Amino acid sequence: MRIVCIGGGPAGLYFALLMKKLHPEHHIRVVERNRPYDTFGWGVVFSDATMESMQEWDTKSANEIQDAFNHWDDIEVLFKGTRQRTSGHGFVGIGRKKLLNILQRRCEELGVELIFETEVNSDLDYPDADLIIASDGVNSKIRNHYVDIFKPDMLKRPNRFIWLGTDKLYDAFTFDFRKTDHGWFQAHIYKFDDQTSTFIIETTEDTYQASGFDKMDQDQAIHFCEDLFAEVLEGASLKSNARHLRGSAWLNFNRLICEKWSHFNGQSHVVLMGDAAHTAHFAIGSGTKLAIDDAIELTRQFEIHGHDKSHIPAVLEDYEEIRRVDVARIQNAARNAMEWFEVVGHRYADVLEPEQFMYSMLTRSQRISHENLRLRDATWLENYERWFAKHAGLAVTDERALPPMFTPYTMRGTTLPNRIVMSPMAMYSAEDGLINDFHMVHLGSRAIGGAGLIFAEMTCVSPDARITPGCLGLWNDEQTEGWKRLVNFIHQNSSAKVGIQLGHAGRKGATKVAWEGIDQPLESGGWPLYSASAMPYLTHGVTPKAMDRADMDRVKADFIAATKRAAATGADWLELHVAHGYLLASFLSPLTNIRDDEYGGSHENRARYPLEVFEAVRANWPEDKPISVRLSCHDWVEGGNTPDDAAIFAKMFKDAGADMIDCSSGQTSKAGKPVYGRLFQTPFSDKIRNEVGIPTIAVGAISEADHANSILAAGRADLCAVARPHLADNAWILHEAAKIGIKNIPWPKQYHSAKYQYEANLERAAAQK
């Protein structure tokens, strides 16, 4: 084949050398616009997995690269006058020039034709090429020529960064956070050879503008940064190798992914590689890794399908399918890390103490979890667990402290024995709203099973507030007595506390129980529906009445009466359900509230009635007991509420006296398209807790102790609500404690023999691995 690689970065060079090595008969040319020793940037970071792959595919270049690597295990953070360090993180860095020069020499040695100082404007300049590799970077001319085909999704990120270097050598990957009168700056610093370290400085657009960088040249910008980071530089200077850029050389990162990666132009097959196809933020240092992995996978596919040009279409199809999965995984982690740095000032640096700030930074990508930190640096993590336990009010000794999820939590006069909440989950098993033997066993067993706070399903304030005929209620004395029986059982047989979640189904009411057709209207025996506006939940559903003032007064009175009954049960916690498209939530979302009176339009107007109900509930609930509010923090529909809207509403409920926000999302509209995944709703809790300044409950795809401990330790929530795992395992929290080696969590005395056997079996299984 005749192959042309446009762009002489890591992707194009490494693909060229691999293909030439495996099949010398290929004619391969690499065309680069810069001179051989020109490059932007200083050092790049590799992963161990990529290095192992490079050893497998070309040992000679891999050995030379490895010899030039600088390896370090430690991360050091300078923050608010503290200097914290943790080990076991295993980074390797190399100068970008050094890497390219090694790859260039290896290409020449194998017979690849290298052409420098040549600008390529079109793939059509090489009509005799069978395959053209468009590895010409994030601003790829080749990709941009076929925008309608490749469909690039380019998103300019808000932060500014400048990529500098220094002759000072650092023995750890160092992060330095500095606050100025205009805002926070952060530096990412790592050594990449025996003479130089990369020094990337990042800040928000507002801080960049307020600091006057838009009026500075490069020398002025560098002097500013030298003064700002004088402590960590210790007299060393900063320098730039981006003199070709105008102004102060500050850039915005562009996140890129393409819908399609290859195209036949009528003469040649064109395929995107490296930054031309995708980018990953430097916060996790994966841009070069992705480029190398692209080159390896494309080569692998030629090895599988064959090196004849007739196989190119099949090769490109499989290459894209395989690489798209890994790129999505890396981009997701990079996005998490990138977004952490974009909001680090007001969300974390201004709020968290240095110890928790360090933990939050280490776990910013969500790829590093609590137990993974223990594997990396058990001493550091156990010291942090002691710090967390002490702040939770526990006496701390030299023994291993309890991990965060097992520490107590106090709100008003209620202390939970741990931070795991059994999330409200509809069971559709009540008759006339009454708690029965099923609820006693279902909820009681989870309390005995170790959960700190037990919520039943949404409990309806009137018969016409129910979702289905099988929903629980709290509108009469018989229901109150049933709740008293449940509360007394849990209090007498466990250390768990009991929560009641009050709600009204609104337009989502009068439906069948789930196993007969979820959200489907009752065929008979229904009841009138109410909502903020006269809009049915399903197109074939019942149209609700848009509430008038009389309706609002009646429903508010129902909430007040139910609150008084809840207080009479002896329950410890109350939650007001203002989520998932139910009645109160229907006022908050512009998707379901199209009113033109004082209850529609602005945030203040849409929140007016839900806040009115909340204030009435708070006034009738014991002062020494907490109230949380469940919010849908994202409607997942264009034009609906977003996390920014949720933060506004959370602030309103906080000001009205709410103690905590239970951060859920979705179910406002059937058109919603949530982006599911591990801990997918935790970012909403993180934002509200640390920006609004109110405690939160995280919920959604939290399925193991490692998840909960990571969330709580990082300060992303104060409690974790666990739903489906509690359905699968009534003793979920006791089992999770045993799995991570925590033996001092009390089991019911009746189950002690099972506790010891369960722990012994886990130890035996671990020893056999």
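Okay, so over residues 405-733 the chain comes out at 35% helix and 15% strand, with its end C-alpha atoms 9 Å apart. Helices here are DSSP runs of H or I with at least four residues, strands are runs of E with at least two, and both are numbered from the N terminus. That stretch carries the UniProt annotation "domain: NADH:flavin oxidoreductase/NADH oxidase N-terminal", from an unreviewed entry, and such annotations may be inferred rather than shown by experiment.

Quick caveats: this is a predicted model, where local features need pLDDT of at least 70 and side-chain atom pairs count only at pLDDT 80 or more, while totals for chains, interfaces and linings use all residues. Residues are numbered from 1 along each chain as its sequence is written, and side-chain values use heavy atoms, leaving out hydrogens and water.

Now, strand β13. Residues 197-203 make up this strand, and 7 of the 7 are buried, so β13 is largely enclosed by the rest of the structure. Buried means under 20% relative accessible area with a 1.4 Å probe, protein chains only. Ser197, Phe199, Ile201 and Thr203 are on one side, with Thr198, Ile200 and Glu202 on the other.

Who are the neighbours? β10 (residues 152-166) pairs antiparallel with β13 over 7 bridges, and Gly165 stands opposite Thr198. β12 (residues 183-191) also pairs antiparallel with β13, over 7 bridges, with Phe185 partnering Thr203. Pairing takes at least two DSSP bridges between the strands. β12 and β13 form a hairpin with 5 residues between them.

Definitions and conventions: Buried means under 20% relative accessible area, exposed over 50%, partly exposed in between (1.4 Å probe, protein chains only).
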